[in-house]
Amino acid sequence: MAKSPPGPTRTRVCRRYPVLSSLVNTRIAPSARQQGDVVRVRGLTKSYPAVRARRGTAATPEIRATDDVCLDVGRGEIFGLLGPNGAGKSTLVRQLTGLMRPDRGSVDILGHDIVRHPERASRILAYLGQQSTALDELTVSLAAETTGRLRGLDLRRARAERDAVLEELGLAPLAARPLKKLSGGQRRLACFAAALVGERPLLVLDEPTTGMDPVARRAVWAAVDRRRAEHGTTVLLVTHNVIEAETVLDRVAVLHRGRVVACDTPAGLKAEVAGEVRVDLVWRDRPPLEVPEVAALHGRATESGRRWTLRLAPEEARAVVSTVTGGAAFAALDDFTLATPSLEDVYLALGGDAQGLVKA
Amino acid sequence: MASAAPAGTLPAGPGAAPDTGREAVALGPRARLWPALAAVYKAQLSRARVARIPLLFVATFQSIGIMILMRGVVDDEAGARAVVAGSSVLVVAFVALNLLAQYFGQLRADGGLDHYATLPVPPAAVVLGAAGAYASFTVPGTLVTAVSGCLLFGLPLGHLWILAAVIPLAGAALSGLGAALGLLAPRPELATLLGQLGMSAALLLGVLPAGRLPEVVRLARDLLPSTYGVEAFARTFGGHPDWTHVLVDLAVCAGVGLASLAVATWAYRRAAVR
C-alpha cells in the first residue's frame, strides 16, 4: 500500500468513458458549476491482494475493487454511484471518506488532499455508512446529539440541531426509543438524522433509503433538497436502486467491476439506448413454445422464472405484442409490459450484469 | 461553513495549505478531547439501560457465588481477605475487560468503527469514554459484592471507601486491556475468547489466596494488572492497614492503566483506517 507521489498521478489523463455526453446538466444552475468541483478523483486504484486457499476457504485471486476511477462532482450536485453489489461502490466511498487508503491516485475534496490527509475528511463531510452498530443501543435523540457533539458542536447547539433534524424527518415521536427497537427503515432514518446534525458541505450517503417506506424516503429527499437549496450542499450517493437513481440524481457514474463505465445525467445515459424498448412477458405456467413466433423469441429472452425480458427495436416490439395478445399465446399469457429504457437497460447495454440491481 | 461553531471554526491554517492547486475550503470544527470524551461516556452509559443490566447481574451473582463456595475452603483471615477483594475486583474484570473486549471486537468487525472514524473526534476520547463508561458499570456490582463478602466472612466494613480508588484504577487498567484486545483481535470471536481468558485469569489468580499458589502461577499473578487492585483492597481489611503498601499497589495499577489505555488508543487508530 505504498503511497504514490502526488505529482504524476494528478497529471495523468483519465480514460474516456465509453458513454460520455456533452449534455449540460439541466438541474444545476450554471453558476453553481462554475464555482468548481467539490470532489475530484483521479486514477483511484485499490486492489485486494490474492488470498491463498486455506482449510475451509477457497483461494481468491487479486481483486481490483476500484480500477483507475476518475470523477468530478460539482457543488450542489446529487451525484450517484450505481452498480450491483460487489461493483466497488462502497470501496470507492471508503477511499473518499479517508477510511481506506488507495494504492494509487488522488482524491481532492474542496481543495484538500484526502489521500495524504485522510483525517481532514471528517471535517469536510458527513458519512452515512451501511452499518449502525455504533448507534444501535442509543435512543434516536441521543444518537443524533452525540454525533453532533462529536462533530464539534457545543452541547446547546448539538441539542438545537438534533431537535430541528428530528422534527424535520418526522422522528420526534420516536426520539426516546433505542435504535435497536426500531424497524430497519426507521433505524436507517435515525442514522440519516445523525448524519445531518452538524452541517457539512458534502454528504456521503451509502444506500441511505434501504428498507425505508415511501414516507421516509420522501423525508430523506426533501431534507437533501432543502440543504442543497439553502447551503449548496453536495451529495454523493451510493445506490443499487435504479428507480431511485433515475428520480433523484443529477448525474450518475455507473460502476462495473471497479471501473466507471459511464458517467452522465440519467437522461443522457438513457439516450444511449433510446433505440430499444423493453418487453416483459409473464406466462401463466409455461411459455407456449408450440407457437412458432414465441419459440423464435425464446433464444433472445432473458428468463427469470415465468418472466421473459426482451430488448427490441420499437417496431419489432409492436409485432411481438400483437403476437402474444392474440391466439394461443394470449391464452398462456399472464401479464405483459412495454417500457422505455431504464438505467438498468443502460447498465446491461454497457456489458453489466443487472442481477444485483433493485427496481423498487 | 455558516454552521460551524464559532469557537471551533479555524481557517485551514498553515498545515492545511492547499496542496492541489486550488483554494482549500476551511475545515469544519474539530471535537475537543474533553467534550468529546464526555459525549462518548454519556452515550456509552446510556447503553447500560438497554443492553447491559442483565450482564451486570451476572457479574455480581458470579462473584457472590464464588465467595459462598470459597467459604467452605478458606479458614483463615488472610484467605478471607483475599477472597473478598478478589471477588470484588472480578466484577471489574468481567465488565471492563471481558465485555469491553467483546464490544470493540464487534464494533471493529462489522464496520461500526466507521461511524467514529468519520467524525473529527480524537481517538483517545472514544477509547477513554468507552473505558470510563464500562468501569462505571462495575460500581454497583463491586459495591454489592464487597459488602456481601464482608458480611459473609465477618470482615470490617470501615475501609470500603478504598473502592473509590480501586474501581477507577483497576477499571482503567482492565478496560484499557479489554479495549486493546478487542481492537487488535483480527476476528470478533477471537476478541471474545481473549476477553473470556483475561477474565478467567482474573478469577483464578485474583480470588485464590496467593500463599497457596505454585511459584509459576504466582509470577503470572504478578503480571496481571488487576492483582495490584486486589492486593491494595485486601490490605485495607486489617486493623492497621499498611497505607504505604496500599499506595504503591494503587500506583502500579495507575501506571498499568495509563499504559494500557495508551495501547488501546493506538489500537483504535490502527483499526479505524484500514
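This is a short dialogue on reading a predicted model with chains A and B.

Biologist: Where do I start with the two chains? How many residues of chain B are in contact with chain A?

Modeller: Contact here rests on C-beta atoms within 7 Å. By that test, 39 residues of chain B are in contact with 40 residues of chain A. Helices H1 (33-71), H2 (77-109) and H3 (113-117) of chain B each give two or more residues to that side. The largest share, 8 residues, comes from H1(B).

Biologist: How do the residues on that side of chain B divide?

Modeller: Into 21 nonpolar, 10 polar and 8 charged.

Biologist: Now the interior. Which residues have the most contacts inside the largest nonpolar core?

Modeller: That core has 175 residues. Those with the most contacts inside it include A:Ile109, A:Ala193, B:Ala93 and B:Ala131. H2(B) gives the largest share, 20 residues. Take B:Ala131 as a case: among the residues it touches are B:Leu100, B:Ala172 and B:Leu261. Another core, of 10 residues, lies apart, with A:Val279 and A:Trp308 among them.

Biologist: What should I look for in a sheet?

Modeller: Strands of a sheet pair through backbone hydrogen bonds, either parallel or antiparallel. In chain A, an open sheet of 4 strands has the order E13-E14-E12-E15, with antiparallel pairing. E13 (302-304) and E15 (333-339) of chain A are the edge strands.

Biologist: How many bridges join E13(A) to E14(A)?

Modeller: 3 bridges join them. In E14(A), A:Trp308 is the bridge partner of A:Glu303.

Biologist: Which helix packs on the sheet?

Modeller: Helix H12 (residues 314-324) of chain A, touching E12, E14 and E15 of chain A. Its direction makes about 20° with that of E12(A).

Key. Residues are numbered from 1 along each chain as its sequence is written. Chains are lettered from A and ligands numbered from 1 in the order in which they are written. This is a predicted model: local features need pLDDT of at least 70, side-chain atom pairs count only at pLDDT 80 or more; totals for chains, interfaces and linings use all residues. Two residues are in contact if their C-beta atoms, placed from the backbone, lie within 7 Å. Ala, Val, Leu, Ile, Met, Phe, Trp, Tyr, Cys and Pro count as nonpolar, Asp, Glu, Lys and Arg as charged, and the others, Gly among them, as polar. A nonpolar core is a set of buried Ala, Val, Leu, Ile, Met, Phe, Trp, Tyr and Cys residues joined through C-beta atoms within 7 Å. A residue is buried if 20 or more other C-beta atoms lie within 10 Å of its own, exposed if 12 or fewer, and partly exposed in between; C-beta atoms are placed from the backbone. Two strands pair if DSSP finds at least two bridges between them. Axes are lines fitted to C-alpha atoms, for helices over the stretch in contact, and angles run from 0 to 180 degrees between N-to-C directions. Lists of a residue's contacts leave out its neighbours within four places in sequence.
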